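Subject: Structure handover and what I found

Hi there,

Here is the structure I promised to pass on to you. Please have it open while you read the notes underneath.

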Amino acid sequence: MIITVTLNAAIDRTMAVPNFRQGNRHRSVESRNVAGGKGINVARALARLGRPVIATGLAGGPTGQRLIEELAEESILSDFTPIAEESRINLAVIDPTSGEQTEINERGPEVTAQEVDTFLDRLDYLARGASMCVLAGSLPPGVEPDLYARIVRELGQRGVTVVLDSEGEPMQAGVRAGPSVITPNVLEAEELVGHEFEGPGDLASGLAQLLELGASEVIVTRSEGCVAAVGPPSERTFYEVRTEPMEPVATVGSGDAFLAGYVAARYAGQSANECLALGVACGAESTQHFGAGSVDPDQVERILADVQVRELEVPASV
């Protein structure tokens, strides 16, 4: 089983609004509501790729009950810990005439220490039957920023492969705990190392710095694909993976689809470059859908044939 953890779950509402302008009145031409949060998006894509997955995390109030029902309707297994306060609702507005995307995310519910402890007990139970766990997204208010770090250490002791995708202080603490893989985007990676990446040499150097922070493997996602440092230290390889740009319908959740593709391939025992290539293909294909975590496996296979994987030149200083 693959576990995905979403501690700040939500109902994600995506609306298409032509010629969207701040301060004006508009009518949407299309809208969709789905259970959301990064871990849930990953679970949705994994399920569509045919992998055994269970989504867990925290959910509260009518919104929390609604997202659990949405997952059941999609035939996605879930086991969420109930909390007293209401789960959040996020809004994404997509302008189909310009391709611009505006996101408004609620802060999320306050979570008590007792609710966190109940969740950790439930996660410990689920981990007994899991080989991989994806920790993804923000932490809700009231949760200590080292929670991901605690989970990374505890699951690591069980031999579970832990993939971490977050930002800010929870990501920094989590990386230092030694996760199997981290998958920040470029901005999140630059925040972790404390400087911008100016070119190919900086990308390789940045990957090396991220490894030094504690992660065993690092993947940095970009709009055109990803760069990665993967494999055990004695066999570590730096890769750059690209695919041809596609005219997007929506880019909400494309990074989550990438992560699902990577995890799906790794779960199946594929090679490092095959895992990265499937991730890039899934991320690209997801931009053709209105709704986060949506992928068409047949179209993914078509895109996969055109994904370019090459070893990244690593400066001698790195």
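What follows is a short tour of two helical regions and a few loop residues.

One thing to keep in mind throughout is that this is a predicted model.

Helix α2

Let me start with α2, which covers residues 61-73. The helix has 13 residues and runs 19 Å from its first C-alpha to its last, close to the 18 Å expected at 1.5 Å a residue. Which of its residues are buried? They are T63, G64, L67, E70 and L71. Viewed down the axis of α2, these buried residues fall within an arc of 120°, so they line one face of the helix. P62, A72 and E73, on the other side of α2, are exposed.

The buried residues of α2 have several packing partners. Among the strands these are β2 (10-16), β3 (30-36), β4 (53-60), β5 (77-83) and β6 (88-94), and α1 (38-48) also packs against them.

Two positive phi values

Just after α2 comes S75, which sits in the loop between α2 and β5. Its phi is positive, about 60°, although S75 is not a glycine. S75 counts as exposed because its relative accessible area is 66%, where the cut-off for exposed is over 50%. N19, in the loop between β2 and β3, is also not a glycine and has a positive phi of about 55°. With a relative accessible area of 46%, N19 is partly exposed. I mention these two values because most residues other than glycine have a negative phi.

Helices α8 and α9

Further along the chain, have a look at α8 (residues 254-267) and α9. How do we describe such a pair? Two packed helices are described by the angle between their axes and the distance between the axes. Here the axes come within 7 Å and cross at roughly 145°, and α8 passes α9 in a right-handed crossing. On the α8 side, the contact is made by S254, A257, F258, G261, Y262, A265 and R266. The α9 side contributes E274, C275, L276, L278, G279, V280, C282, G283 and S286.

The span of α9 agrees with expectation: at 1.5 Å a residue its 15 residues should cover 21 Å, and its end C-alpha atoms are 21 Å apart. This helix is mostly covered, with 12 of its 15 residues buried. The buried residues include A277, A281, A284 and E285. They pack against the strands β11 (217-222), β12 (225-230), β13 (237-242) and β14 (308-311), as well as against α8 and α10.

Two more loop residues

In the loop between α9 (272-286) and α10 (297-304) you will find D296. At 27% relative accessibility, D296 counts as partly exposed. Leaving aside neighbours within four places in sequence, D296 is in contact with E285 and H289. The side chain of D296 also reaches the backbone nitrogen of D298 at 3.0 Å. D296 and P248 are 48 residues apart in sequence, and their C-alpha atoms are 15 Å apart in space.

Finally, T112 is placed in the loop between β7 (101-105) and α3 (113-127). T112 is partly exposed, at 41% relative accessibility. Between T112 and V143 there are 7.3 Å from C-alpha to C-alpha, and the two are 31 residues apart in sequence.

Happy to talk any of this through whenever it suits you.

Best wishes

How values were computed. Residues numbered from 1 in each chain as written. Predicted model: local features only at pLDDT ≥ 70, side-chain atom pairs only at ≥ 80, totals over all residues. Heavy atoms only, no water. Helix = DSSP H or I, 4+ residues; strand = E, 2+ residues; numbered from the N terminus. Buried < 20%, exposed > 50% of the residue type's maximum accessible area, 1.4 Å probe, protein only. Expected span 1.5 Å × (residues − 1). Arc of directions from axis to C-beta. Contact = heavy atoms within 4.5 Å. Polar contact = N/O pair within 3.5 Å; in protein donor to acceptor, adjacent residues only side chain to side chain. Axes fitted to C-alpha atoms, helices over the stretch in contact; angles between N-to-C directions. Left-handed = near helix turned anticlockwise from the far one by under 90°.
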